[in-house]
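Hi,

Here is the structure I promised to pass on. Have a look at it first, then read my notes below.

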Amino acid sequence: MKKFTIIVLALITALILTEFFVAEIINYPTFGVEKKVKISGKQSYQNLFRPYSEYWNVEGGNKVFKRNNLGIPGTDVLLSEDLKNIMVLGSSFIEAYQIEPDKIATSVFQKRIQKESSKYNVVNLGARGHDVYDSWIRLKYFEQQIKPDYIILVVQSTYEKWLSRQKKPLNFSPEYLGKEKINKLNKYNLLIRNKSHFVSLLAQSLKQIKGKLILQDKAQIEDQTVENVLTEMKITNEFIETILEFKKEYKDKFALISIINDEEVNIKLEDICKENEIVFNMKSLIKQEFMLHGAGHLNAKGNKMLGEFLYESFIENYQEK
């Protein structure tokens, strides 16, 4: 019995020391997830984060950054009926977890537009792995909390492979929207990972290992690589259908921005937008000089250029309207 007690005490001491090391020496943050809800076309549960929760990024140099007051990337968003909300949608290129929050493209856009007028908010609704249809579903969820006055959808690809995963036909009013994952296992999972830095690190490490194994088994390519964003260039019917749905819902307040580095694709997108009276602008940014390590997400320079371009496009199309 005495031996068993010593073992238990040793394990407890080891866990306490490990927790201290991960939290205070490594500074790895806790999970920061408030709840899991269905807010994408693939009907999987997505994490919604707590305001000002911290996150660790590897690609940007193993640094810890903080989300804003809405639990999303970028600078704080002022919630007021007197302000006009500019919702910026896209994949991880807009989410930009790899860059310091005040250097993210949407933050650059926010600073520039507020110099012109203090009546605008820029809301970053980018999310990793999201195609145009996922972005539609995500917007519909956040629209319940924040009224969208302008919608800007930024595409770095035509998402042929991603859209092929969506259930057909596309449903633009899904009944599952906002369904929360509520069960005891999820409740305790969130509780422990939000309290323990060590458990949060362990869980994330296991998830990454599992993800790499799946990628190897399926011979897939991560969404942020240059090869992926430069090869998915077929404009599918689903892509066009979603763009037209945005236009139908938000009319002249919807704009499509392409940062694709493919002139032929951009010309096709421009023709589609002209035909359907959709605001369209393009600026090729998917180039090595604008990407982290030459092959990742947009670096600080790329984010600054995108933020400036978003501002210029907005002023050009909406300043006098």
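What follows is a short tour of what turned up, going from the sheet to single residues.

First, the ground rules. This is a predicted model, so to speak of local features we need pLDDT of at least 70, side-chain atom pairs count only at pLDDT 80 or more, and totals for chains, interfaces and linings use all residues. Residues are numbered from 1 along each chain as its sequence is written, and side-chain values use heavy atoms, with hydrogens and water left out. Helices (H or I, at least four residues) and strands (E, at least two) are DSSP runs, numbered from the N terminus.

**The sheet**

There is an open sheet of five strands in the order β6-β5-β7-β8-β9, and its pairing is parallel. Pairing here takes at least two DSSP bridges between two strands. β6 (120-124) and β9 (279-282) are at the edges with a single partner strand each, so one side of each has no neighbour in the sheet. On average, neighbouring strands of this sheet are turned by 20° against each other, direction ignored. Helix α4 (residues 132-142) packs on the sheet, where it touches β5 (84-89) and β7 (150-155), and its direction makes about 150° with that of β7. For such angles, axes are lines fitted to C-alpha atoms (for helices over the stretch in contact), and the values run from 0 to 180 degrees between N-to-C directions.

At the β9 edge, strand β8 (residues 254-258) pairs with β9 in the parallel sense over four bridges. If you want a spot to click on, L256 stands opposite F280 in β9.

**The hairpin**

β3 and strand β4 (residues 63-66) are antiparallel partners, with four bridges. W56 has V64 in β4 as its bridge partner. The side chains along β3 (residues 54-57) alternate: Y55 and N57 point to one face and are buried, whereas E54 and W56 point to the other and are not. Buried means under 20% relative accessible area, exposed over 50%, and partly exposed in between (1.4 Å probe, protein chains only).

Five residues lie between the two strands of this hairpin, and G61 there takes a positive phi near 115°. N62, in the loop between β3 and β4, also has a positive phi, near 55°, in a residue other than glycine. N62 is partly exposed, with a relative accessible area of 45%.

**Other backbone spots**

Y159 has a positive phi too, near 60°, and is not a glycine either. Y159 sits in the loop between β7 and α5 and is buried, at 1% relative accessibility. Further along, K168 and P169 are joined by a cis peptide bond, with omega about -5°. P169 is in the loop between α5 (160-163) and α6 (184-195).

**A buried glutamine and a nonpolar patch**

Which residues does Q110 contact, leaving aside its neighbours within four places in sequence? They are T75, D76, Y120, N121 and V122, where contact means heavy atoms within 4.5 Å. Q110 belongs to helix α3 (residues 105-116) and is buried, with a relative accessible area of 4%.

Finally, I12 lies in helix α1 (residues 2-26) and is partly exposed, at 43% relative accessible area. Together with F4, V8, L9 and I16, I12 makes a nonpolar surface patch of about 480 Å². Patches are made of residues with over 30% relative accessible area and no salt bridge (a side-chain nitrogen of Lys or Arg within 4 Å of a carboxyl oxygen of Asp or Glu); like charges are joined within 9 Å, and nonpolar side chains (Val, Leu, Ile, Met, Phe, Trp, Tyr) within 5 Å. The areas come from the Shrake-Rupley method with a 1.4 Å probe, and for residues only the protein chains shown count as cover.

Cheers
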